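Student: I would like a close look at a single part of this model, taken slowly and with the parts around it brought in where they connect. Could you walk me through it in one connected account?

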Amino acid sequence: MADAPSSSFSAGAVVGTTLREHVLFSMHAAPGATGEFTSLINHLSLAIRIINSRVRAAGLANLLGYTGEINVQGEAVQKLDVFSNDVLLNVLERSGHCAVIASEELDELKFSNRDGKYVVLFDPLDGSSNIDTNVGIGTIFSVLRRRSTGAASQDDALRPGTEIVAAGYVLYGPATVFVLSTGNGVHCFTLDPDVGEFFLSQGNVRCPLRGNGYSVNEGNFSRWDPRVQAWNTWIKADDQATQRPYGHRYVGSLVADAHRVLLKGGIFVYPADSKSPTGKLRLLYEANPMAFLFEQAGGMATDGVNRILDIVPSAVHQRVPLAIGSSEDVIAYRRFLTQA
Ligand code: AHG
């Protein structure tokens, strides 16, 4: 990958690298690059900035609260979810780059531009149950190169995460942070709201080998498999030699919980339980993009036992147990799940 300029100078001011420049420079080095991928990421960035503007004004703009509809997952749909979904669909369709678009909020795949080279899968507004209480929420996406040549089909979307070419998430927290990987490490861009641009704020993020925090909805303890319960008891136990207990942090927004683990290390777990026997999180919209990012940052992502990115999906809304984080912490979790 060519080195993007770290800054440009004008009249004494130092201007950081924009997301646009970063993608452009990384793609320059790619053999046969046509500019379409760069354009696709720019369109995603536009959709994100539009969503961000509404998220920031949600309390003022009467966008909080439920629409009264039930989505394909059987959950109440909130107004900002609908808005975010519509914006992403609209912007991606107009880009002309997408043969297939899949959204957590849509029952069916959307077959968009017949000449489009890409497949984009997204969760438009993750953690939406947190909207009403002003807690961090996010958008998660992944991009695959289309495989079919004729008419696009479901098979273009039902592919393992190993085929992902780019993935990212955006955290609408105190600042809006766009975390992106195009397969060359993980880079964070922070939105300057006055300028309306994302600027590189942390390049080449590495997830620490081991952390000191764990993130899980412990209210589900009684519903867990005894092996998950054993891990949970172990990670809270006092043992100086192995630097336990770990601290517990859980927001209930995957993007917020995962972002902390990515930067600080540790582990995020959403295991299967008796209420959600195959887990709660969706493979295509949540687990796969996060797994791609964590692996790119040197971390790990498993369903407890197997690598997430190796799972061959059988349905677009498939759910999967998820354990992501520092490799030593994910391996320790796996030790518990694989014991007899
Ligand atoms: P949703 O966007 O439908 O509210 O789902 C949020 C997801 C994910 O962001 C989070 O990690 C998890 O659900 C939280 O689930 P619990 O409330 O069961 O802990």
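Tutor: What follows is a close look at the five-stranded sheet, with its helices, the ligand and then the other sheet. The model is a predicted one, and the values quoted here are computed from it.

The sheet is open and mixed in its pairing, and its five strands follow the order 14-13-15-19-17. Strand 14 (247–248) and strand 17 (300–302) are the edge strands, and because each has a single partner strand, one side of each is left without a neighbour in the sheet. Strand 15, residues 267–270, pairs with strand 19, residues 322–325, in the antiparallel sense, with four bridges between them. Within this pairing, tyrosine 270 has leucine 322 of strand 19 as its bridge partner.

Strand 13 covers residues 213–215 and includes glycine 213. Leaving aside residues up to four places away in sequence, glycine 213 touches Tyr246, Gly247, Gly265, Gly266 and Ile267. Glycine 213 is also 8.7 Å from phenylalanine 268, C-alpha to C-alpha, although 55 residues separate the two in sequence.

Two helices lie across strands of this sheet. Helix 6, residues 283–296, lies across strand 17 and strand 19, and runs at about 25 degrees to strand 19. Helix 7, residues 327–337, lies across strand 15, strand 17 and strand 19, with an angle of about 25 degrees to strand 17.

Helix 5, residues 254–264, is mostly covered, since eight of its 11 residues are buried. Among those buried residues are Leu254, Asp257, His259 and Leu262. After helix 5 comes glycine 265, which has a positive phi near 85 degrees, and Gly265 is also one of the residues that glycine 213 touches.

Leu254 and Tyr270 lead on to the ligand, for they are among the residues that come nearest to it, together with Asp126, Gly127 and Tyr250, out of 14 residues around it. Tyrosine 270 has a side-chain N or O atom 2.6 Å from an oxygen atom of the ligand, while a polar side-chain atom of tyrosine 250 lies 2.4 Å from a ligand oxygen atom. Serine 128 takes part through its backbone, with an N or O atom 3.2 Å from an oxygen atom of the ligand. On its own the ligand has 470 Å² of accessible area, and the protein covers 86% of this.

Asp126, one of the residues nearest the ligand, belongs to strand 7 (residues 118–126), which is joined to strand 8 (residues 137–145) by seven bridges in an antiparallel run. In that pairing, valine 120 stands opposite valine 143 of strand 8. Strand 7 and strand 8 are part of an open sheet of eight strands, ordered 6-5-7-8-9-10-11-12 and again with mixed pairing. The edges of this sheet are strand 6 (110–111) and strand 12, each of which pairs on one side only.

Helix 3, residues 79–95, lies across strand 5, strand 6, strand 7 and strand 8, running at about 160 degrees to strand 7. Helix 2, residues 36–56, lies across several strands, including strand 7, strand 8 and strand 12, and runs at about 20 degrees to strand 9. Towards the strand 12 edge, strand 11 and strand 12 pair in the antiparallel sense over five bridges, and the hairpin they form has four residues between the strands, with glycine 196 in the turn at a positive phi of about 80 degrees.

Notes: Residues are numbered from 1 along each chain as its sequence is written. This is a predicted model: local features need pLDDT of at least 70, side-chain atom pairs count only at pLDDT 80 or more; totals for chains, interfaces and linings use all residues. Side-chain values use heavy atoms; hydrogens and water are left out. Two strands pair if DSSP finds at least two bridges between them. Contact means heavy atoms within 4.5 Å. Axes are lines fitted to C-alpha atoms, for helices over the stretch in contact, and angles run from 0 to 180 degrees between N-to-C directions. Buried means under 20% relative accessible area, exposed over 50%, partly exposed in between (1.4 Å probe, protein chains only). A residue is near a molecule or strand if one of its heavy atoms lies within 4 Å of it. A polar contact is a pair of N or O atoms within 3.5 Å; within protein, one must be able to donate a hydrogen and the other to accept it, and residues adjacent in sequence count only if both atoms are side-chain atoms. Accessible areas come from the Shrake-Rupley method with a 1.4 Å probe; for residues, only the protein chains shown count as cover.
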